[in-house]
Amino acid sequence: MKILVVDDGQLAINSLIRILCRVAPDCDYISAMTTEDALSWMRQGPMDAAFLNLEMPGMNGLALTRMIQKLQPRCNIIVVTEHPEYALEALQIFVSGFLLKPANEADVRNVLEHLRYPPENAPVGIKIQCFGNFEIFVGGRALAFKRSKSKELLAYLVDRNGATCTNGEMLAVLWEGKPDTASLHSHLRNLIFDLSHTLEDAGVTGLLIRGRSTLALDTSKVDCDYYNFLRGSRSATNSYRGEYMTQYSWAEVTCSALRQQANVQKTASIPSYYVPPTGF
């Protein structure tokens with residue numbers, strides 16, 4: 001479950017995330033200190049819940065709630081405030097919960113146990129693993145490929161992070177060093193056909209974006225550790241162990257960039273999503 005915590009005070013964010021980590025340690029937590037950052041996170045991908053401070057500068061928290069509900073109607077919104085008089089208005093716009101500051105562990109657990117849209121009721125999506133070996137899971141099961149090159153083609157599209165790839169680029173990566181021939185182009189067409197049917201047979205549609213001699217991946221349809229890492233996800237950062245798509249030599253370029261970014265994150269003072277230890 002992905003949870004966004006929005007507050008203009010870093011100490012308030014840290015306090016709430018510490019409680020959330022105790023109540024729901026397996027969740028992924030992201031923080032935002034401005035309404036602009038909160039909306040930016042909401043536009044980047046599905047969020048299961050958002051804890052919103054109602055007293056935000058620049059935009060009333062209830063107005064932010066309405067904007068988030070338009071962007072993600074199934075996101076559970078829990079308003080957090082020091083003013084109990086906001087409770088009725090908050091409940092009238094169908095939020096999932098209401099917390100008075102300072103929230104305690106029992107209150108947080110209670111709202112998570114009574115969400116309006118329980119995450120387990122959401123459709124099972126597509127999970128892609130890039131750290132370590134590359135794998136794709138549909139409905140919790142690893143997808144099997146008839147051809148290893150079809151799987152490698154999908155891995156390369158994932159690595160390109162939604163960028164459009166030309167046939168020439170895919171040929172150069174998948175068959176490094178081989179001349180660009182009509183036979184090789186035919187082989188690539190067969191791989192794309194095989195990949196498309198493998199995904200369709202698994203119930204996955206719309207993942208591949210095909211153009212004239214081009215191919216791309218719709219990244220909005222997948223939950224990917226690599227993409228989550230790039231977005232600053234704390235759990236994805238913690239899961240990275242220096243390995244990325246280990247079965248493919250061409251992935252070393254991205255792997256080197258990830259190692260550099262991981263080192264920067266480790267030496268950074270306090271990133272926005274960092275949670276200091278208890279007693280901070």
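This talk walks through two sheets, one helix pair and one serine in the structure shown above. Please keep in mind that the model is predicted.

I begin with the five-stranded sheet. In general, strands of a sheet pair through backbone hydrogen bonds, in either a parallel or an antiparallel sense. Here the five strands form an open sheet in the order S2-S1-S3-S4-S5, and the pairing is parallel. Which strands stand at the edges? They are S2, residues 28-32, and S5; each has a single partner strand, so one side of each is left without a neighbour in the sheet. On average, neighbouring strands of this sheet are turned by 20 degrees against each other, direction ignored.

Within that sheet, S1 (residues 2-6) and S3 (residues 49-53) run parallel and are joined by four bridges. As one example of register, Ile 3 has Ala 49 in S3 as its bridge partner. Two helices that pack on this sheet deserve mention. Helix H1 touches S1, S2 and S3, and its direction makes about 170 degrees with that of S2. Helix H3, residues 61-71, touches S1, S3 and S4 (76-81), with a direction about 160 degrees from that of S3.

I now stay with H1 and turn to its packing against H5. Two packed helices are described by the angle between their axes and the distance between the axes. For H1 (residues 10-23) and H5 (residues 105-113), the angle is about 65 degrees and the axes are 10 Å apart. The crossing of H1 past H5 is right-handed. From H1, the residues Leu 16, Ile 19, Leu 20, Arg 22 and Val 23 take part, and they meet Glu 105, Val 108, Arg 109 and Leu 112 of H5. Sorted by class, this contact holds six nonpolar residues, three charged residues and no polar ones.

The second sheet has three strands. Its order is S9-S11-S10, the sheet is open, and the pairing is antiparallel. S9 (165-166) and S10 (208-211) are the edge strands; each has a single partner strand, so one side of each lacks a neighbour in the sheet. Two bridges pair S9 with S11, residues 214-217, in the antiparallel sense, and Cys 165 stands opposite Leu 215 in S11. Helix H6, residues 148-159, packs on this sheet and touches S9, S10 and S11, its direction making about 70 degrees with that of S11. Helix H8, residues 182-201, also packs on the sheet; H8 touches S10 and S11, at about 145 degrees to the direction of S10.

S10 and S11 run antiparallel and are joined by four bridges, among them one between Ile 209 and Ala 216 in S11. The hairpin of these strands has two residues between them, and Ser 213 there takes a positive phi near 60 degrees.

Finally, I consider Ser 96, which lies in the loop between helix H4 (87-92) and strand S5 (97-100). Is Ser 96 buried or exposed? Its relative accessible area is 14%, and because that is under the 20% cut-off, Ser 96 counts as buried. Its side chain makes a polar contact of 2.9 Å with the side chain of Asn 76. The side chain of Ser 96 also reaches the backbone nitrogen of Arg 116, at 3.3 Å. Leaving aside residues up to four places away in sequence, Ser 96 touches Asn 76, Ile 77, His 114, Leu 115 and Arg 116.

How values were computed
Residues are numbered from 1 along each chain as its sequence is written. This is a predicted model: local features need pLDDT of at least 70, side-chain atom pairs count only at pLDDT 80 or more; totals for chains, interfaces and linings use all residues. Side-chain values use heavy atoms; hydrogens and water are left out. Buried means under 20% relative accessible area, exposed over 50%, partly exposed in between (1.4 Å probe, protein chains only). A polar contact is a pair of N or O atoms within 3.5 Å; within protein, one must be able to donate a hydrogen and the other to accept it, and residues adjacent in sequence count only if both atoms are side-chain atoms. Contact means heavy atoms within 4.5 Å. Axes are lines fitted to C-alpha atoms, for helices over the stretch in contact, and angles run from 0 to 180 degrees between N-to-C directions. A crossing is left-handed if the near helix is turned anticlockwise from the far one by less than a right angle, and right-handed if clockwise. Ala, Val, Leu, Ile, Met, Phe, Trp, Tyr, Cys and Pro count as nonpolar, Asp, Glu, Lys and Arg as charged, and the others, Gly among them, as polar. Two strands pair if DSSP finds at least two bridges between them.
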